[in-house]
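Reader: I'm new to reading protein models, and I'd like a close look at one part of this one. Could you walk me through a spot where two helices pack together, and then show me a bit of what else is there?

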Amino acid sequence: MCGIVGYIGHREAYPVIIKGLKRLEYRGYDSAGVVLYDGNDLKLSKTKGKVSDLEARAQEEISLTGTIGIGHTRWATHGVPNDVNSHPHFSNSGNLVIVHNGIIENYEPLKKELISRGYTFKSDTDTEVLVNLIEDVKKKDNLKLGKAVQIALNQVVGAYAIAVFDRERPNEIVAARLGSPLAIGIGKDEFFVASDASPFIEYTSNAIYLEDEEMAVIRLHKPMKIRKIKDDSLVDPYVQELQMNLEQIEKNGYDHFMLKEIYEQPAVIKDTYRGRLHANEGLIKMAGIEDNLQKFLNADRILIVACGTSWHAGLVAEYIFEEFTRIPVEVEYASEFRYRNPIINANDVVIAISQSGETADTLAAIKLAKEHGAFVFGVCNVVGSSISRETHAGAYTHAGPEIGVASTKAFTTQITVLTLIALRLASAKGTLSNSAYHRYLQELEIMPEKVAEALEVNDKVQAIAEIYKDAPNCLYLGRGYNFPVALEGALKLKEISYIHAEGYPAAEMKHGPIALIDEQMPVVVIAQKQEHYDKIVSNIQEIKSRSGKIIAVVTSGDTQVRELADHVIEIPSTVDALSPLLTTIPLQLLSYHIAVMRGCNVDQPRNLAKSVTVE
Ligand code: G6P
């Protein structure tokens with residue numbers, strides 16, 4: 001949903017902006033642009049394509065000097081990805097220039113009004129409307145940029161994170177946010193503005209995250225002023241010390257971020273339970289849960305809201321929570337929940353799951369749940385993100401920055417956190433036997449080693465990928481705890497290799513998907529030695545008798561499925577409820593290798609973005 005970067009200070013702005021935009025490309029990568037100011041001229045270069053395309057073009061087109069600049073990497077909402085629609089956008093006078101992440105919903109009436117006053121537009125974007133609205137407001141009363149931005153923003157409906165520059169006030173950048181994230185890095189005689197802190201991590205570890213409806217006037221050698229856009233009140237800036245380090249946001253020798261993140265899973269699962277899981281003492285300590293234990297224990301039900309991969313983690317959690325705690329659970333796509341007038345009671349606990357903590361639909365679902373008086377608990381990865389601030393309490397996943405657009409380590413760490421919560425509630429409610437409870441704790445503690453062992457299937461999976469890389473379709477089947485893993489496996493393949501894939505509960509196959517099976521159809525079956533093993537063996541028989549190609553993810557030592565399947569991938573055994581943490585590993589690797597072999601852009605698949613801040 002677009003990434004923005006701004007710089008004002010003593011360095012050359014161009015390299016800071018370009019490097020920053022590359023780090024933000026996970027947010028969108030269909031076009032990119034930059035504006036630099038060298039004390040005289042505003043120099044613009046923008047293009048359809050990636051930041052690397054912008055680099056090539058900017059070098060040809062403009063002189064790259066200037067210590068002030070703003071840049072943008074786009075995920076198109078208004079207007080197709082092309083050079084003209086790329087940001088930054090100028091106002092008609094050529095004095096104001098803007099980069100914008102978000103959507104101005106009432107852009108049409110605003111545009112009509114501006115046209116009636118003689119404004120003209122080059123692009124199809126809502127952003128060009130906004131910059132001209134600011135100009136119009138500014139001109140009318142001869143205002144300073146900050147005031148004009150404030151008045152203009154009070155007229156718009158929608159979401160935005162913006163950085164605006166005025167060539168007539170060349171020592172300042174004005175930034176504002178509503179619904180889209182914005183961080184300001186504070187260095188010595190320099191400032192950075194960006195959609196997250198990654199563009200400025202090597203320059204400063206001091207950052208301010210703007211809250212919704214706040215704007216900042218950032219001036220060199222002057223104290224920064226942050227105000228509420230609506231009522232103009234001044235806000236005390238809260239400067240945070242960043243925890244992120246450079247190593248976390250670089251590939252460290254891996255070909256792709258996705259592969260690096262797949263391999264980080266043993267370590268990040270441990271990070272997620274560190275300090276929380278005390279297997280020897282039989283304890284789970286999570287502040288967010290302890291402080292709100294009664295809310296969970298008194299809950300009539302738990303509603304889980306999320307999107308994409310996080311929704312799949314929610315489905316796994318549904319199975320785990322109901323089994324461990326006997327609290328009824330419903331899992332909803334946040335986008336459906338927010339618009340379908342759902343029944344939400346004050347005695348419901350709503351758990352919102354989100355890697356980025358910025359997903360617009362999930363945020364809206366949270367707001368709705370709060371309006372109905374429900375207690376809302378967030379499970380987020382990005383510290384300080386909108387969702388983590390909007391929820392009443394929460395638990396971070398501690399997966400570290402996830403940059404590959406296809407989510408991997410976020411999924412397994414979300415399941416880890418949710419399992420910890422379910423176990424803590426089960427121990428408070430006495431809904432698990434003592435022996436089962438301790439077994440889960442111990443299994444969770446050794447899970448990082450088991451995940452590391454599961455990763456050893458990589459070569460085998462790569463060989464299987466070679467065989468099926470050209471398949472037009474693929475079916476994923478699982479039962480029980482592994483049904484959501486089947487959905488997630490199919491989503492991974494779709495997202496990064498563009499092969500059509502579907503996940504199904506194995507028993508549902510006979511109600512439809514079985515019609516698709518022929519000798520061309522690879523079927524990935526999660527066939528763990530667990531509760532419904534015999535049933536899944538029967539499902540495999542059904543596929544085999546229709547000549548489908550079976551890739552089975554089995555428990556190490558399995559012999560029965562080996563006889564039936566075309567390929568078996570063995571992973572370590574564990575308790576049923578924790579098996580998704582292992583079964584998902586070969587599926588992540590399978591989609592990764594197939595995508596690489598098909599020449600797809602693994603970390604930046606077409607049409608997708610990591611953080612979806614529009615509905
Ligand atoms: C996008 C991403 C997915 C992600 C989903 C939800 O679609 O491409 O990988 O699962 O958003 O994101 P969230 O940050 O809320 O988990």
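Author: Here is a walk through one helix pair, followed by a lysine and some aromatic rings. Keep in mind that this is a predicted model.

Let's start with helix 17 (residues 458-468) and helix 21 (residues 580-597), whose axes sit 8 Å apart at an angle of about 50 degrees. Angles from 65 to 115 degrees would count as roughly perpendicular and those under 35 as roughly parallel, so these two helices are oblique to each other. Their crossing is right-handed. On the helix 17 side, the residues making contact are Asn458, Val461, Gln462, Ile464, Ala465, Glu466 and Tyr468. Across from them, helix 21 brings in Pro586, Leu589, Leu590, His593, Ile594 and Met597. Sort that crowd by type and you get nine nonpolar, three polar and one charged.

Now hop over to Lys450, which belongs to helix 16 (residues 447-454). Its relative accessible area is 14%, so Lys450 is buried. Leaving aside residues up to four places away in sequence, Lys450 touches Glu443, Pro572, Ser573, Thr574 and Leu582.

Last stop: the rings. The model has 10 aromatic pairs. One of them joins Tyr319 and Tyr481, a tilted pair with 6.0 Å between centres and 55 degrees between planes. Tyr319 lies in helix 10 (residues 308-325), while Tyr481 is in the loop between strand 23 (473-478) and helix 18 (483-497), so this pair links parts of the chain 162 residues apart. Tyr319 is partly exposed at 31% relative accessibility, whereas Tyr481 is buried at 13%. Elsewhere, Tyr7, Phe192, Phe200 and Tyr203 make up one aromatic cluster.

Note on methods. Residues are numbered from 1 along each chain as its sequence is written. This is a predicted model: local features need pLDDT of at least 70, side-chain atom pairs count only at pLDDT 80 or more; totals for chains, interfaces and linings use all residues. Side-chain values use heavy atoms; hydrogens and water are left out. Axes are lines fitted to C-alpha atoms, for helices over the stretch in contact, and angles run from 0 to 180 degrees between N-to-C directions. Helices (H or I, at least four residues) and strands (E, at least two) are DSSP runs, numbered from the N terminus. Angles under 35 degrees count as roughly parallel, over 145 as roughly antiparallel, 65 to 115 as roughly perpendicular and the rest as oblique. A crossing is left-handed if the near helix is turned anticlockwise from the far one by less than a right angle, and right-handed if clockwise. Contact means heavy atoms within 4.5 Å. Ala, Val, Leu, Ile, Met, Phe, Trp, Tyr, Cys and Pro count as nonpolar, Asp, Glu, Lys and Arg as charged, and the others, Gly among them, as polar. Buried means under 20% relative accessible area, exposed over 50%, partly exposed in between (1.4 Å probe, protein chains only). Rings of Phe, Tyr and Trp (its six-membered ring) pair if their centres lie within 6.5 Å; planes under 30 degrees apart count as stacked, over 60 as edge-to-face and the rest as tilted.
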